[in-house]
Every structure is written in C-alpha cells, then in structure tokens.
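New to this one? Take a look at the structure below, and then we'll walk through a few of its features.

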Amino acid sequence: MKKRIGCSALLLGLLVTPALLVTFAAARETDTPEAETVGKVSGIPQRTLSAYQTAAAQLPDEVPKCQGMRWTILAGISKIESTHAGGRTTKDNGDITPHILGPLLDGSGVGGNTTRFEDTDNGRWDGTAGAERAVGPFQFLPST
C-alpha cells in the first residue's frame, strides 16, 4: 500500500511540476516582444493590438478593483467574438466600419437566442429600439 501512495505522489508531482514552472515563468515575465512581431505572429492587426495593449495598461487607473487584466485576455475574447474585427476597417479614432452587430435578441430563436432582451439604448449603439443586440468586437450588450 505504501508503495502505491509513493508512486502516485511521484507521478502527480511529475505531471504538475511542468505546469507550475510555466505558470511561474509567465507570471515573472516582464519583457514584452515588439508589438509588430506579436501582431505578425498572432495575426492581430497592428492598430487593434495597440488598442488591446493600451486598454490593459489604462485599466488599473480607470477601474482600480480590476487587477490582472492582460492585453492577451482582451485579444482572446475579441478573437473568438469577431476575429479581431476581421474584414472591417478600424479608423484612427477607434470606430469600426461596418459595425459589428450580433443577432437581434428578441427571443425569436434567430441566431440561437430564445430569451428576449429589452432595449436599453433606444437604438443608439445597435441601431434598433425593438430589442437589444450585442455590439462591437467584444460583443457586449449596450447596457454593459
């Protein structure tokens, strides 16, 4: 019995150690590669990458309780939700054209939605006052 516990503990240690080393190394990493290199490797447009990095850098001042937000998290969300606003133009002021709009959340089932979300912005951000829809590269509801 003692041999099994010892072997199990050793095996667990061997499996967990590499993950811990990577985690600690990533947490200690302070050097950031040049944005141009990051953009080319990751496929993130330069202007978009700069926006992610600027937003993450400004967040501690804007929302002090929000700790640990990294630009890579923002990039990951935007990649899933809109492929970094792919196929669109991002202007110098941050406006994206054409707008990124999700399906109308009117409970009709279109786009997979079955719950109605009442309008909160009178159509200002999503172009409709009939119900709500997610907007932008992160697909937030206007009320968010």
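## The core

First, a bit of vocabulary: a nonpolar core is a set of buried Ala, Val, Leu, Ile, Met, Phe, Trp, Tyr and Cys residues joined through side-chain atoms within 4.5 Å. In this predicted model, the largest such core has seven residues: Ile44, Leu49, Tyr52, Ala56, Trp71, Leu74 and Ala75. Helix H3 (46–62) and helix H4 (71–82) each chip in at least two of them. As a general matter, nonpolar side chains in soluble globular proteins tend to be buried together.

Pick out Ala75 for a moment. Leaving aside residues up to four places away in sequence, Ala75 touches Ile44, Tyr52 and His84.

## Tyr52 and its aromatic partners

Is Tyr52 buried or exposed? Its relative accessibility is 5%, so Tyr52 counts as buried, the cut-off for that being under 20%.

Searching the whole structure turns up two aromatic pairs. One of them joins Tyr52 and Phe138 edge-to-face, with 6.2 Å from centre to centre and 70° between the planes. Tyr52 sits in helix H3 and Phe138 in the segment after strand S2 (96–97), so this pair ties together parts that are 86 residues apart in sequence. Phe140 comes in too: Tyr52, Phe138 and Phe140 make one aromatic cluster.

## How confident is the model?

Across the protein, the mean pLDDT is 80, with 72% of the residues at 70 or more. Residues 1–26 are another story: their pLDDT is below 50, and this stretch has zero contacts in the model beyond near neighbours in sequence.

How values were computed. Residues numbered from 1 in each chain as written. Heavy atoms only, no water. Buried < 20%, exposed > 50% of the residue type's maximum accessible area, 1.4 Å probe, protein only. Helix = DSSP H or I, 4+ residues; strand = E, 2+ residues; numbered from the N terminus. Contact = heavy atoms within 4.5 Å. pLDDT = per-residue confidence, 0-100. Phe/Tyr/Trp six-rings, centres within 6.5 Å; stacked < 30°, edge-to-face > 60°.
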